[in-house]
Amino acid sequence: MQSTRAARLLAAGAALTALTLLSACGGGAQHRENEAIGSKAPVRPQPKKQRMSVLPGMPPVQDPADLYAADRPNQLSPVVKDFPSRVYVPNTNSDTVTVIDPGTYRIIETLPVGRQPQHVVPSWDLKTLWVNNDLGNSLTPIDPRTGKAGKAVDVHDPYNLYFTPDGKYAVVMASKDRQLVFRDAHTMKVVKTVPVSCYGVNHADFSIDGRYFIVSCEFSGELLKVDTARMEVLAQQKLPVHGAMPQDVKISPDGKLFYIADMMADGLWILNGDTFAEPRFLVTGKGAHGLYISRDSRQMYISNRGEGTISLFDFTQNRLTKKWHLPGGGSPDMGGVSADGKVLWLSGRYNSEVYAIDTRTGTELARIRVGSGPHGLAVYPQPGRYSLGHTGIFR
């Protein structure tokens, strides 16, 4: 009898403990937000085992449900953990890079580089920042540990720069040459040149398995699907809007969809990269241009350059939820999110300025005067194991 009663008491206690744990796990949006950034959350289940056939040599996907799992706040790679936090702003008309201390919002240096720098791009191994001197036909390396620029490397028409997920190749978006140029990721020597029939190749992102990437062609309103290993164009399509000008490309956290900003259609194309069928469209704002993922992988920030706003797209709700207006307007373009996830940094392309925006409220924290034509701004360092290029696409 005593043993039966004791067993019942133990069972009741276990049930109460289970209910308490369930209550803790479902304790509202604030708790879930904390869990997403890793602060005193319950022990998480182990990430799913790798089940997909990824590009050979590519690091394993940590969580197939979230490609950005390695980009959590302040989750810096050992490679970059001692690098000073800086914002690097390429000024296309001034042929300089403005270096900003994000802690003080002050300019600490202005680096002379080649002609018409377009983007500042972190290398795959996170050790170098490459300035794309488009009309200068060169890449200027910056050592992010010291902030010093090195000797420029000859590279023709480097409008933008990406890296294959296996770290082997740099992919130069040679916009005027109408080429994708695969180069050795370290020496920048040409490995293969891929001519394209579209005009204005500029931005890209890679599939969840790294086996293909989607490229936007700005001046002909087209998209390309490119085989990473074979370095070949697999498919091509014309966007179904006259005058379309696709810009930045980002894949969803679950790897199922690609989002392509379109500055003339004023919104996002939403594409199934696997089928490469005609994408659907979502209006966001005039001059939609840059796309950036929040540190908890729940939201995407969309810079609407033509109206001085930032739209917020919620992946969990699959819809737009907010729009932030820059006080007095502006021309928010390219940039990135701070390592702690609290600040969105964007260049003001037509206003010779940079914006620092609070990611919790949309409040403008600072507006900093820089050179003429600021473009592909890079916040560095950022969390992540490796870089796929542009102003910082990290996995």
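A charge sits over a ring if NZ of Lys or CZ of Arg is within 6 Å of the ring centre and within 35 degrees of the ring normal. Keep that rule at hand for one of the stops below. The model on your screen is predicted.

**The whole protein**

Start with everything shown as a cartoon. The protein has two helices and 29 strands. Now colour by burial: 56% of the 395 residues are buried. Turn on the surface next, and you are looking at about 16,800 Å² of exposed area, with 53% of it supplied by carbon and sulfur atoms. If you like contact maps, take the contacts with a separation of 6 or more: residues 24 or more positions apart account for 46% of them.

**Charges over rings**

Select R178 and Y199. The charged end of R178 sits over the ring of Y199, 3.8 Å from the ring centre. Stay on R178 for a moment, in the loop between β10 and β11. Its relative accessibility is 26%, so R178 counts as partly exposed. Check the backbone here too: R178 is not a glycine, yet its phi is positive, about 55 degrees.

Then pick K225 and Y212. K225 lies over the face of Y212, at 4.4 Å from the ring centre.

While you have torsions on display, jump to M231. Here as well phi is positive in a residue other than glycine, near 55 degrees. M231 belongs to the loop between β15 (222–227) and β16 (232–238), and at 8% relative accessibility M231 counts as buried.

**The disulfide**

How many disulfides does a search of the whole structure find? There is one. Select C198 and C217 as sticks: the two are joined S to S at 2.1 Å. Look along the S-S bond and you will find -50 degrees about it, a left-handed link. C198 is in the loop between β12 (190–195) and β13 (201–206) while C217 is in strand β14, so the pair ties together parts that are 19 residues apart in sequence. Both ends are hidden from view on the surface: C198 counts as buried at 1% relative accessibility, and C217 counts as buried at 0%.

**The nonpolar cores**

Hide the surface and show side chains. The largest nonpolar core has 50 residues, and M173, L180, V201, F213 and M300 touch the most other members. Strand β14 (residues 212–217) gives this core its largest share, five residues.

Centre the view on M173 and expand the selection by contact. Leaving aside neighbours within four places in sequence, the partners of M173 include D157, P158, Y159, L180, V201, F213 and V215. A second, separate core of 15 residues is also there to select, with V80, V97, V120 and I142 among its members.

**Aromatic pairs**

Now colour the rings. The count of aromatic pairs comes to 13. Select Y169 and F182, whose ring centres are 6.5 Å apart; with the planes at 85 degrees, the pair is edge-to-face. The two lie 13 residues apart, with Y169 in strand β10 (residues 169–174) and F182 in strand β11 (residues 179–184). Is each ring buried or partly exposed? Y169 counts as partly exposed at 21% relative accessibility, whereas F182 counts as buried at 0%. Add F206 and F213 to the selection, and you have a cluster of four names, Y169, F182, F206 and F213, linked by ring pairs.

**Three single residues**

Go to Q247, in strand β17 (residues 246–251). At 1% relative accessibility, Q247 counts as buried. Residues up to four places away in sequence aside, Q247 touches N202, H203, S216, E218, I260, A261, M263, A288 and H289.

Move on to R115, in the loop between β3 (106–112) and β4 (117–122). With a relative accessible area of 53%, R115 is exposed. Its contacts, not counting residues up to four places away in sequence, are D95, N133, D134, L135 and G136. Draw a C-alpha to C-alpha distance from R115 to N132 as well: they are 9.1 Å apart in space and 17 residues apart in sequence.

Finish at P381, in the segment after β29 (378–380). Put a torsion label on the peptide bond between Y380 and P381: the bond is cis, with omega about 0 degrees.

Conventions:
Residues numbered from 1 in each chain as written. Predicted model: local features only at pLDDT ≥ 70, side-chain atom pairs only at ≥ 80, totals over all residues. Heavy atoms only, no water. Helix = DSSP H or I, 4+ residues; strand = E, 2+ residues; numbered from the N terminus. Buried < 20%, exposed > 50% of the residue type's maximum accessible area, 1.4 Å probe, protein only. Contact = heavy atoms within 4.5 Å. Areas by Shrake-Rupley, 256 points an atom, 1.4 Å probe, with all protein chains shown as cover. Core = buried A, V, L, I, M, F, W, Y, C linked by side-chain atoms within 4.5 Å. Phe/Tyr/Trp six-rings, centres within 6.5 Å; stacked < 30°, edge-to-face > 60°. Disulfide = S-S within 2.5 Å.
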